[in-house]
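Me: I have a model open on my screen and would like to learn how to read it. Could you take me through some features, giving the general idea and then the case at hand?

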Amino acid sequence: MDILETIVANKRREVARQKEAVPLDFLLDSGAQRLIAPVCSMKRSLEASPSGIIAEFKRRSPSKGWLYPAAKVEDVVPAYEKGGASACSILTDSDFFGGSFGDLRRARSLVKLPLLRKDFIIDEYQLYQARVLGADAVLLIAASLTGKECKNFAAIAHQLDMEVLLEVHKEEELQCLNEHVDMLGVNNRNLGTFNTDINNSFRMIELMKVEAGVRNDAPLFVSESGISDANVIKQLRDAGFRGFLVGETFMKTKSPGEMLAAFIGKIEGNKTE
């Protein structure tokens, strides 16, 4: 069993326990105010941004172990907003990434940035959870879902006024693209082995353009993981990407917000050269 299979198997058990402890009707009743709260478009924020950085809050990684075990949302996420992030990705998986529902809830109370709930979505229950917790967008991972599930989950997310970032890693996963997808991301990290190769974005971009070309409202392209060089951001932008999810580069430092600000400064400096 590879890492993704291990995580998904654990997630199925975890969600089953959550549904038993907090049935959907109770979740919706208790989160009624959040369900009607306005959302912020992550896609539009990335389109309008000169850097397109989606700064990620995570304490650990299955491949790298603990990055910043004592990291607090109240210290990091507002600093990301101040540092110029276009959106923020919040890990809510506890067992493998050290996240929590509380992290997303606190982030929502502290910033106006678009917030992406990053987790392994395998049940529509998690979409309602995400909206109640304050997410503006959700991640769907093609490698862990069928095409039918991707379309169904994306449609439900839209019914809840959330946007959808569909993540692919290889060509055959592009079949999961559907009309409800707002952003199409390519993960440079193989979720089976957790090895990272930034060249995967450059390999995938033309295939993504072809697949998205049949749609009137084409998704915005996002490159995810393994990005640590501002020069690479320029190359990815030239290739057609407009969003760039960066986590470990910032979270392995003691001042993620300051690292982000410096990183964006280099990107903007590169644009004027």
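Reply: Gladly! Let's begin with a helix: in H8, the residues Cys150, Phe153, Ala154, Ala155, Ile156 and Ala157 are buried. Keep in mind as we go that this is a predicted model.

Me: How should I think about positions along a helix, and what do the buried residues of H8 pack against?

Reply: The general idea is that an α-helix has 3.6 residues a turn, so residues three or four places apart point the same way. In this structure, the buried residues of H8 pack against H7, E6 and E7.

Me: What length does H8 reach, and what is expected?

Reply: H8 has 13 residues, and from its first C-alpha to its last it reaches 19 Å. That is close to the 18 Å expected at 1.5 Å a residue.

Me: What happens to the backbone just after H8?

Reply: Here the general idea is that most residues other than glycine have a negative phi. Just after H8, aspartate 161 takes a positive phi of about 70°. Aspartate 161 sits in the loop between H8 and E7, and with a relative accessible area of 48% it is partly exposed.

Me: Where is serine 225, and what is its phi near?

Reply: Serine 225 belongs to the loop between E9 and H10. Its phi is near 80°, a positive value in a residue other than glycine. Serine 225 has a relative accessible area of 10%, so it is buried, since the cut-off is under 20%.

Me: Let's turn to the loop on the other side of H8. Which contacts does serine 144 make?

Reply: Serine 144 lies in the loop between strand E6 (137–141) and helix H8 (147–159). At a relative accessible area of 12%, serine 144 is buried. Leaving aside neighbours within four places in sequence, serine 144 is in contact with Leu4, Val8 and Glu149. As for spacing, the C-alpha atoms of serine 144 and proline 62 are separated by 17 Å, and these residues are 82 apart along the chain.

Me: How do I compare separation along the chain with separation in space, say for valine 132 and alanine 32?

Reply: Put the two values side by side. Valine 132 and alanine 32 are 100 residues apart along the chain, yet their C-alpha atoms are separated by 7.7 Å. Valine 132 is in helix H7 and counts as buried at 15% relative accessibility. Beyond neighbours within four places in sequence, valine 132 is in contact with Leu27, Gly31, Arg34 and Leu35.

Me: Glutamine 129 is in H7 too. Is glutamine 129 buried or exposed, and what does its side chain contact?

Reply: Glutamine 129 counts as buried, at 5% relative accessibility. Its side chain makes a polar contact of 2.9 Å with the side chain of glutamine 18. Not counting residues up to four places away in sequence, glutamine 129 touches Gln18, Leu27, Phe101 and Arg117.

Me: What does H7 contribute to the largest nonpolar core?

Reply: First, the core itself: it has 91 residues, and those with the most contacts inside it are Ile53, Tyr80 and Leu166. Helix H7 (residues 125–133) supplies the largest share of this core, six residues. To get a feel for the surroundings of tyrosine 80, look at its contacts outside four places in sequence, among them Phe57, Cys88, Phe250, Met251 and Leu260.

Me: Where is the kink in H9 centred, and what span should H9 have?

Reply: H9 has a kink of about 35°, centred on isoleucine 205. At 1.5 Å a residue, the 14 residues of helix H9 (residues 199–212) should span 20 Å, and the end C-alpha atoms are 20 Å apart, which agrees. Isoleucine 205 is itself one of the buried residues of H9, which also include Met204 and Met208. The buried residues of H9 pack against strands E7, E8 and E9 and helix H10.

Me: How do I read the protein as a whole?

Reply: Start with the inventory: 12 helices and 10 strands. For 273 residues, a compact globule would have a radius of gyration near 19 Å, and the protein has 17 Å, which agrees. The C-alpha trace spans about 55 × 40 × 40 Å along its principal axes. Of the 273 residues, 58% count as buried. Finally, among contacts between residues at least 6 apart in sequence, 70% join residues at least 24 apart.

Key: Residues numbered from 1 in each chain as written. Heavy atoms only, no water. Core = buried A, V, L, I, M, F, W, Y, C linked by side-chain atoms within 4.5 Å. Buried < 20%, exposed > 50% of the residue type's maximum accessible area, 1.4 Å probe, protein only. Helix = DSSP H or I, 4+ residues; strand = E, 2+ residues; numbered from the N terminus. Contact = heavy atoms within 4.5 Å. Polar contact = N/O pair within 3.5 Å; in protein donor to acceptor, adjacent residues only side chain to side chain. Expected span 1.5 Å × (residues − 1). Bend = angle between axes of the 7 residues up to and from the residue. Rg over C-alpha atoms; globule rule 2.2 N^0.38 Å.
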